Amino acid sequence: MTTTYLDHAATTPVRPDAFDAMVPWLRERYGNPSGSHALARAARKAIDEARDVVAECLGRMPREIVFTSGGTEADNLAVTGVVGQRRGAVVCSAVEHHAVLHAVEALGGRTVGVDPGGRLDLDELVEALDDEVCLVSVMLANNEVGTIQPVGEVVRLAREHAPGAVVHSDVVQAISWLDVADLAAEVDLLALSAHKFGGPQGVGALAVREGITLTPLLRGGGQERERRSGTQNVAGIVGMAAALRATVRERALTVARVTRLRDRLADGLTSTVAGCTESGDRSNKVAGSCSLLLADIETEALLVLMDQAGVCATAGSSCASGAMEPSHVLRAMGVSPELALGSLRLSLGWTTSEADVDRALEVIPALVGRLRDRSPLAVRP
Ligand code: PLP
């Protein structure tokens with residue numbers, strides 16, 4: 001059975017460029033980058049070169065890039081690192097990934113709501129901003145519905161109403177689809193995760209504007225200019241840089257191709273499956289996102305059948321899958337808890353093909369029909 005992979009927002013297949021770049025660092029080039037002999041120096045040079053690539057792709061300076069173990073650590077470093085230095089109130093959007101949301105909640109922070117399309121309520125943001133605020137965190141693209149947030153506007157409002165605040169943006173889900181260089185010139189902190197754009201799992205980065213000091217999460221050998229101790233994941237960092245370079249190089253073509261595929265998938269499912277609607281506003285989403293709501297369906301049951309048919313997808317965010325809690329993102333958008341349990345996230349990426357969309361359009365309507373035949377409350381076409 002072939003696998004139809006529609007879960008790119010959870011993780012992406014590793015790009016050949018990234019894989020090839022990593023192999024030597026897992027085989028014969030195994031030096032510790034903090035050492036002084038030839039193997040160690042080679043590893044350090046590889047990290048420095050990767051840092052140059054990541055910085056260039058983000059439009060930041062190499063010394064502003066801190067390598068981390070992934071997006072979760074980058075987000076946590078941003079939130080707790082700023083508060084550790086500045087002590088003040090923290091504000092984030094209600095639809096942040098848990099890596100930001102739980103860190104903000106642990107600090108007693110405030111969340112700002114979104115409209116039914118998932119877009120941040122800027123009036124409510126202004127109400128939440130004042131001189132006491134030390135950090136504002138708003139993601140660029142949402143991991144569940146793909147909504148793009150007006151982060152440029154968030155920066156402008158934060159500078160005006162909370163002049164002491166550092167602005168952080170989680171661009172983990174955005175970087176495959178959007179050029180973040182203009183935004184990177186304005187925000188203070190930017191979090192990335194390699195496995196969302198064809199790099200390996202377990203590596204990411206936080207771009208930290210020069211002059212901003214963060215209290216580190218990890219203390220030890222003082223790597224990453226004292227901002228993140230611990231021996232760097234050399235192969236992972238090299239793979240991330242190669243994947244990012246390929247992503248940026250191919251981005252315009254990928255976006256055009258995947259937008260067509262996503263539109264065909266979303267139009268095909270909403271027109272053939274009764275009670276199937278899209279969550280969020282498609283004109284304000286990243287290209288890979290196809291997020292659906294299925295009335296009278298519990299997505300967990302559908303996902304089991306899809307899995308048996310070789311189609312991989314997720315209900316809401318992958319971190320929440322397995323739990324029957326309705327997604328906090330959909331709840332913030334005003335979706336009822338019952339309908340939110342019928343949310344299906346199909347996410348496309350650099351490997352998605354016409355055949356994947358054909359297969360999803362063949363399998364999903366049939367399986368929804370099968371589940372509804374068993375349910376007395378089902379919506380009939
Ligand atoms: N931020 C967003 C928007 C994400 O989608 C994810 C992963 O799902 C993360 C952060 C966490 O990244 P990682 O899996 O690298 O810890």
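Q: What makes a residue part of the lining of the largest cavity, and which ones lie nearest its centre?
A: On a 1 Å grid over the protein atoms alone, a cavity is a set of points where a 1.4 Å probe fits but cannot get out, and a lining residue has an atom within 4 Å of a point. In this predicted model, 24 residues line the largest cavity, with His-8, Gln-173, Ser-176, Trp-177 and Leu-348 nearest its centre. Local features here need pLDDT of at least 70 and side-chain atom pairs 80 or more, while totals for chains, interfaces and linings use all residues. Residues are numbered from 1 along each chain as its sequence is written, and side-chain values use heavy atoms, without hydrogens or water.

Q: How do you know where the largest cavity lies relative to domain 1 and domain 2?
A: Domain 1 (4–10 + 251–373) and domain 2 (16–247) both give residues to its lining, so the largest cavity lies between them. Those bounds come from an automatic or database domain assignment.

Q: What is the volume of the largest cavity?
A: It is about 220 Å³, the space filled by probe spheres set on the grid points.

Q: Why can the pair between Asp-170 and the ligand be called a polar contact?
A: A polar contact is a pair of N or O atoms within 3.5 Å. A polar side-chain atom of Asp-170 lies 2.6 Å from a ligand nitrogen, so this pair fits the definition. Ser-193 has a side-chain N or O atom 2.6 Å from a ligand oxygen, and for Lys-196 a polar side-chain atom is 2.7 Å from a ligand oxygen.

Q: How much of the ligand's area does the protein bury?
A: The protein buries 89% of the 390 Å² that the ligand exposes when taken alone, by the Shrake-Rupley method with a 1.4 Å probe.

Notes:
Polar contact = N/O pair within 3.5 Å; in protein donor to acceptor, adjacent residues only side chain to side chain. 1 Å grid on protein atoms, 1.4 Å probe; cavity = no way out; pocket = protein on both sides within 12 Å on 5 of 7 lines; lining within 4 Å.
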